[in-house]
Amino acid sequence: MFGLNKKDSALLLLVAILTMLAPFILNPFPSDSGLAQFNAGYPDLMQRFVIFGIFAIGFNILFGLTGYLSFGHAAFLGVGSYSAVWMFKLLSMNIIPAIVLSVAIAGLFALVIGYVSLRRTGIYFSILTLAFAQMSFALAYSVLTPITNGETGLQLSLDDPRILDSANTSGSLPVTSLFGLEMRSSFDLVVGPWSFTFSVGYYICAIAMLLAFYLSIRIFRSPFGMMLRAIKSNQQRLNYTGLNPKPYTLAAFVISGMYAGLAGGLLASMDPLAGAERMQWTASGEVVLMTILGGVGTLIGPVLGAGLIKYFENIFSKINDTVLHGWFGILPDGIEDFLVSIIHPFVGKGWHLTLGIIFMLVVTFLPGGLVEGGQRIARLFRSKKKTDGADAAKTEPAE
Amino acid sequence: MSKTNLTRRGVLKSGAVAGAGVALPTIFTASSAAAYTNEPTGGSVTLGFNVPQTGPYADEGADELRAYELAVEHLNGGGDGGMMNTFSSNALQGNGILGKKVEFVTGDTQTKSDAARASAKSMIEKDGAIMITGGSSSGVAIAVQGLCQEAGVIFMAGLTHSNDTTGKDKKANGFRHFFNGYMSGAALAPVLKQLYGDDRKAYHLTADYTWGWTQQESIAAATEALGWETVNNVLTPLAATDFSSYIAPVLNSGADVLVLNHYGGNMVNSLTNAVQFGLRNKEVNGKNFEIVVPLFSRLMARGAGENIKGIVGSTNWHWSLQDDASKAFVKSFGTKYGFPPSQAAHTVYCQTLLYADACQRAGTFNPCGVAEALEGFEFDGLGNGKTLYRAEDHQCFKDVLVVKGKENPTSEFDLLEVVEVTPAAQVTYAPDHPMFAGGALGTCNPGA
């Protein structure tokens, strides 16, 4: 299918099915039950899952294939967001020009930063990219305030020109759309106690992610991808064979920067605001975490990692003491307070702590990330089935 | 004779078709009925409390959450009723809002616009919050106010002191109970003149975001009108924790007053640095060097400890006020938590009560109805004397307190003394004042 081998087609198909049915999969609990707290199937979070999935897929093309650890990738995401919001302000609320510009600008930006940073490898490369990203953050945060609106973040306002759109007389801010199809419009499907939300914005992002994922498979399987892997395994040997790895690494860097720009553009298309925090080093570190958590160098790993981190950030951080007391309300008072005080540091504002513990466990016991975990489970089942089959074969003649 | 062929598969198939048929009407009715975003249909209504639980304003956020919980308790008829008993509007019955029990969800803004919007969005989309309130930073408040306008829910701004919140970034769905930079300037100027004279050179250190900018502009304008000179204005990043490198140049600038346009943890650190550098013991131009903190709260005073003594600033409310409403609020907050509330707590408590009262008076949760009930609303009995929510910009006008760090505090909470209560008339400005110009309120958006 689409020039992929059977295994990759199956993977693409699986990802396609998962993303298309996400509103069902992520809302497994009835909306009025206590467990509804853990439902993640609302538009904003689903959009974040796939957008940060794109971001991590792009990062993985650089880090997973060439082994170059960029610590400044958030800068490209931020640049993409700012470009997109400026398009909304100046040109039109249609998301197409915004996304095109954000990818292009992020690509240019990556070309400049990559050209300088890729003169060094290893830790020096990481530090260089980190320095560039922090520089961009400082610029966006204060120096370039007329362009970025500083800490408040760049927002739409009623008197923006928007030269392609008809004059806005409604008195409220226009909304982002794709040829009239509003990003924020959604449709609720109520089946018994369950309620599923289908949002236009989410499906646009999901399609973008599927395209990005498909492109990444093609890159992984191409001769270009093979060359990138060669750079990762032994760059010196590659030099000795007379090949210059620089153009390849630069290309990978720019491609992954453009992925980040796409993610930034989509983020702004779903919610037209661009803040400088998007470029901070913590945001750059987050994508590294996502990729490592999911599995470096695997196709689907980064998407899983992105999903897990965003889930923790948005769901665990909202469990407060009142919710905890609600859960343990049936227990006697003493035990209830005891349990709440034990769990309290790990939820709500302590979600970072829980995430940190999970990250440590994954890195220690599953160096290949969540994907390795999945593989181990699959292997366990497969070998079990095999022994089952052998047993059956043995018992059959006796019947 | 007819023959019925009853197979297992056939039964399952027809069962599935029948099931789908039963489900169908609900599928089509679900999305059509709502007149506005998150119309509450059950016996309860959900409010979204979006406060900083981490970051430089975490102390304020924690106190805000306490006040929100207290307000919800009072709305649902629990506790002693607090300021519901002193509030001049008697619409609230203590049986929730419009007979619906009040429930709430909380989120962490992290004092970042992005995170705050994500958190508010999840409250609106996932938890069905009908109103969002909170925020301890103007940048965040403006970002979330924009979001609420787009989503079609009411935003009751918490701690936000920037002129822009009800100035160039004002929105029809947003309301602010707190005062603003202009009001601080107008209230402080006469007191500063009386204390420090009209021939001073001021050096500003300013938090680099909307609040810092507009407060600096307001204070500079008010003091320059007295005859003061503004020597320099230096912007500092919000995330900064050490200000020594910003303090050192002050010594050589020839300034004799340092204005710290900082709040929360920022102000605690910058004031501590300034005192460590011995600024307060210096004499410049033949006058004592003075430090002014235009906006401060008791929480900050506690953080700054000894250093706050004698420092002048303005505040929205203080627990030592002796009117009935303040006393009632301090009593019920103190009974529940064991210490007096901060101005942040007072503001958000009022916001929650005012929202509930507006729903009750409008007879609906529809944001447009609620906004109409709040616009031009005049009330008393919430601790600040007579108060008006102006219809033109949704800013609230009330008395402003000028306070000073107490020289001899009697307890760890008794840190501020009220120097002057500036009447509302003195801090009122025209809606088209240049500092608030640009931007438009727009029209109210009920969403769906």
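**Exercise 1. Find the strands that helix 6 of chain B lies across, and give its angle to strand 6.**

Solution. Work on the predicted model.
- Locate helix 6 of chain B at residues 210–226.
- Look at what the helix crosses: strand 6, strand 7, strand 8 and strand 11 (290–295) of chain B.
- Compare directions. Helix 6 runs at about 165° to strand 6 of chain B.

**Exercise 2. Work out the strand order of the open sheet in chain B that holds strand 6, and name its edges.**

Solution.
- Seven strands build this sheet, in the order 7-6-8-11-12-16-17.
- The sheet is open, and its pairing is mixed.
- Now look for strands that pair on one side only. These are strand 7 (229–236) and strand 17 (416–422) of chain B, the edge strands.
- Check the twist. Neighbouring strands are turned by 20° against each other on average, with direction ignored.

**Exercise 3. Describe how strand 6 of chain B joins strand 8 of chain B.**

Solution.
- Strand 6 covers residues 201–207, and strand 8 covers residues 257–261.
- The two strands run parallel, and five bridges join them.
- Pick one position: Y203(B) stands opposite L258(B) in strand 8.

**Exercise 4. Characterise the side of chain B that touches chain A.**

Solution.
- Count the residues in contact: 37 from chain B and 33 from chain A.
- List the elements of chain B that give two or more residues to this side: helix 1 (8–30), strand 2 (101–108), helix 3 (113–125) and helix 4 (138–151).
- Rank them. Helix 3 of chain B gives the most, with seven residues.
- Sort by class. This side of chain B has 12 nonpolar, 16 polar and nine charged residues.

**Exercise 5. Decide whether helix 3 of chain B is largely enclosed or open, and check its span.**

Solution.
- A residue is buried if 20 or more other C-beta atoms lie within 10 Å of its own.
- In helix 3 of chain B, 13 of the 13 residues are buried, so the helix is largely enclosed by the rest of the structure.
- Its 13 residues reach 18 Å from first C-alpha to last, close to the 18 Å expected.

**Exercise 6. Summarise chain B as a whole, then the span that UniProt annotates.**

Solution.
- Chain B has 13 helices and 17 strands.
- Its C-alpha atoms fill a box of roughly 120 × 40 × 40 Å along the principal axes.
- Of its 448 residues, 58% are buried.
- Take contacts with a separation of 6 or more. Residues 24 or more positions apart account for 72% of them in chain B.
- An unreviewed UniProt entry lists residues 45–406 of chain B as "domain: Leucine-binding protein".
- That span is 41% helix and 20% strand, and its end C-alpha atoms lie 43 Å apart.

Key. Residues numbered from 1 in each chain as written. Chains lettered and ligands numbered in written order. Predicted model: local features only at pLDDT ≥ 70, side-chain atom pairs only at ≥ 80, totals over all residues. Pairing = 2+ DSSP bridges. Helix = DSSP H or I, 4+ residues; strand = E, 2+ residues; numbered from the N terminus. Axes fitted to C-alpha atoms, helices over the stretch in contact; angles between N-to-C directions. Contact = placed C-beta atoms within 7 Å. Nonpolar A, V, L, I, M, F, W, Y, C, P; charged D, E, K, R; others polar. UniProt positions renumbered as here; feature names shortened; annotations may be inferred. Expected span 1.5 Å × (residues − 1). Buried ≥ 20, exposed ≤ 12 C-beta atoms within 10 Å, placed from the backbone.
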